Amino acid sequence: MEKIRLQKIIADCGYCSRRKAEEFIQKGKVKVNGHPAKLGDKATVKDEITVCGERLNRPRRKNHVYLMLNKPRGYVTTVSDELDRKCVMDLLEGVGERVYPIGRLDKNSEGLLLFTNDGKFANSVMHPSKHISKTYRVTVRPDINDDQLITLSSGMEIDGYKTQPATVNVLSKEQGRVVLLITIKEGRNRQIRRMCEAVGRKVLALHRSKIGSIGVKDLEIGKWRYLTAKEVEQLIK
């Protein structure tokens with residue numbers, strides 16, 4: 001009987017992403033047949049798997065769901081929060097299936113956030129080898145010069161890691177503030193904020209406007225909608 005890695009099983013059931021599943025395994029929140037699992041473990045269809053004490057039912061669903069949310073500030077990107085903060089899931093009223101966010105935006109950021117219950121799709125969108133672009137409208141202060149723009153666009157070292165080249169354009173300048181359009185092809189934790197901080201600029205506002213060719217322009221802040229079949233295809237092609 002074929003054995004499959006636990007994080008893939010959990011993601012394919014729509015419980016959470018593979019990355020989040022790995023976190024659950026490392027924290028000892030996943031059990032197989034009552035025994036704590038470790039990263040790298042596999043299971044079969046006959047094994048009983050629990051995540052955070054909840055039994056995983058397979059197959060969990062037949063229908064895959066893909067949707068986008070225009071995330072407002074003040075919401076954390078998680079399915080639930082131990083600190084009782086507002087979660088993005090609170091905004092998905094009317095979604096009939098259990099979904100989870102693909103990637104994340106930090107609490108003070110807003111804009112495009114994708115959700116699904118399709119583990120294969122989520123992994124495809126997040127995997128670094130896909131090089132799916134992410135575009136942000138970023139307001140910084142007080143100003144920015146050509147050397148700083150070159151540093152941001154050329155790649156820079158953050159905590160021992162060299163970021164990939166980015167596309168950086170100045171949209172507007174006012175007294176004490178500049179609006180930038182930054183496109184990256186990776187998605188490390190708080191990357192845009194940390195890039196700007198590394199060149200001495202303070203981020204006042206951050207809005208993700210696009211993932212790949214999918215934009216959030218016509219969606220009201222705090223609202224969600226399903227992705228079209230064409231949009232799903234564009235993200236995984």
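**Close-up views of a predicted model**

**Figure 1. Helix 3 and helix 6 are oblique to each other.** The model shown here and in the following views is predicted. The two helices, helix 3 and helix 6, pack at an angle of about 55°, and their axes are 9 Å apart. Angles under 35 degrees count as roughly parallel and those from 65 to 115 as roughly perpendicular, whereas the rest, apart from those over 145, count as oblique; the arrangement of helix 3 and helix 6 is therefore described as oblique. On the side of helix 3, the contact is made by F121, S124 and V125, which meet V232, L235 and I236 of helix 6. By residue class, this contact of helix 3 with helix 6 divides into 5 nonpolar, 1 polar and no charged residues.

**Figure 2. Helix 3 is largely enclosed by the rest of the structure.** Helix 3 spans residues 119-126, and 6 of its 8 residues are buried, so the helix is described as largely enclosed. The buried residues of helix 3 are G119, F121, A122, S124, V125 and M126. The cover over these residues includes helical elements, namely helix 1 (6-12), helix 2 (18-26) and helix 6 (229-236). It also includes strand 7 (66-71), strand 8 (100-102) and strand 9 (110-116). The N-terminal end of helix 3 is capped by D118, a side-chain oxygen of which lies 3.1 Å from the backbone nitrogen of K120.

**Figure 3. Strand 10 pairs in the antiparallel sense with strand 14 and with strand 15.** Strand 10 comprises residues 134-141; 6 of these 8 residues are buried, so the strand is largely enclosed by the rest of the structure. The pairing of strand 10 with strand 14 extends over 7 bridges, and R137 has L181 of strand 14 as its bridge partner. Strand 15 (residues 202-211) is joined to strand 10 by 8 bridges. In strand 15, V203 stands opposite V140.

**Figure 4. T135 is a buried residue of strand 10.** The relative accessible area of T135 is 9%, a value under the 20% limit, and T135 therefore counts as buried. Its side chain is joined to the side chain of T183 by a polar contact of 3.0 Å. When residues up to four places away in sequence are not counted, T135 touches L181, I182, T183, H207, R208, S209 and K210.

**Figure 5. Strand 13 and strand 14 form a hairpin with 2 residues between the strands.** Strand 13 covers residues 167-174 and strand 14 covers residues 177-184. The two strands, strand 13 and strand 14, pair in the antiparallel sense over 7 bridges. Within this pairing, S172 stands opposite V179 of strand 14. In the hairpin, G176 takes a positive phi near 85°.

**Figure 6. L171 is a partly exposed residue of strand 13.** L171 has a relative accessibility of 42%, which lies between the 20% limit for buried and the 50% limit for exposed, and L171 therefore counts as partly exposed. Neighbours within four places in sequence aside, L171 is in contact with R137, V179, L180 and L181. Of these contacts, R137 is 34 residues from L171 in sequence, while the C-alpha atoms of L171 and R137 are 8.8 Å apart in space.

**Figure 7. T77 is buried in the loop between strand 7 and strand 8.** With a relative accessible area of 9%, under the limit of 20%, T77 is counted as buried. The side chain of T77 reaches the backbone oxygen of L105 at 2.6 Å. Apart from neighbours within four places in sequence, T77 is in contact with K71, V88, P101, G103, R104, L105 and L113.

**Figure 8. An open sheet of 4 strands has antiparallel pairing.** The order of the strands in this sheet is 3-2-5-6. Strand 3 (35-36) and strand 6 (54-55) stand at the edges; each has a single partner strand, so one side of each is left without a neighbour in the sheet. The partner of strand 6 is strand 5 (residues 49-51), and strand 5 and strand 6 pair in the antiparallel sense over 2 bridges. E54 in strand 6 is the bridge partner of V51.

Technical notes. Residues are numbered from 1 along each chain as its sequence is written. This is a predicted model: local features need pLDDT of at least 70, side-chain atom pairs count only at pLDDT 80 or more; totals for chains, interfaces and linings use all residues. Side-chain values use heavy atoms; hydrogens and water are left out. Two strands pair if DSSP finds at least two bridges between them. Buried means under 20% relative accessible area, exposed over 50%, partly exposed in between (1.4 Å probe, protein chains only). Contact means heavy atoms within 4.5 Å. A polar contact is a pair of N or O atoms within 3.5 Å; within protein, one must be able to donate a hydrogen and the other to accept it, and residues adjacent in sequence count only if both atoms are side-chain atoms. Axes are lines fitted to C-alpha atoms, for helices over the stretch in contact, and angles run from 0 to 180 degrees between N-to-C directions. Ala, Val, Leu, Ile, Met, Phe, Trp, Tyr, Cys and Pro count as nonpolar, Asp, Glu, Lys and Arg as charged, and the others, Gly among them, as polar.
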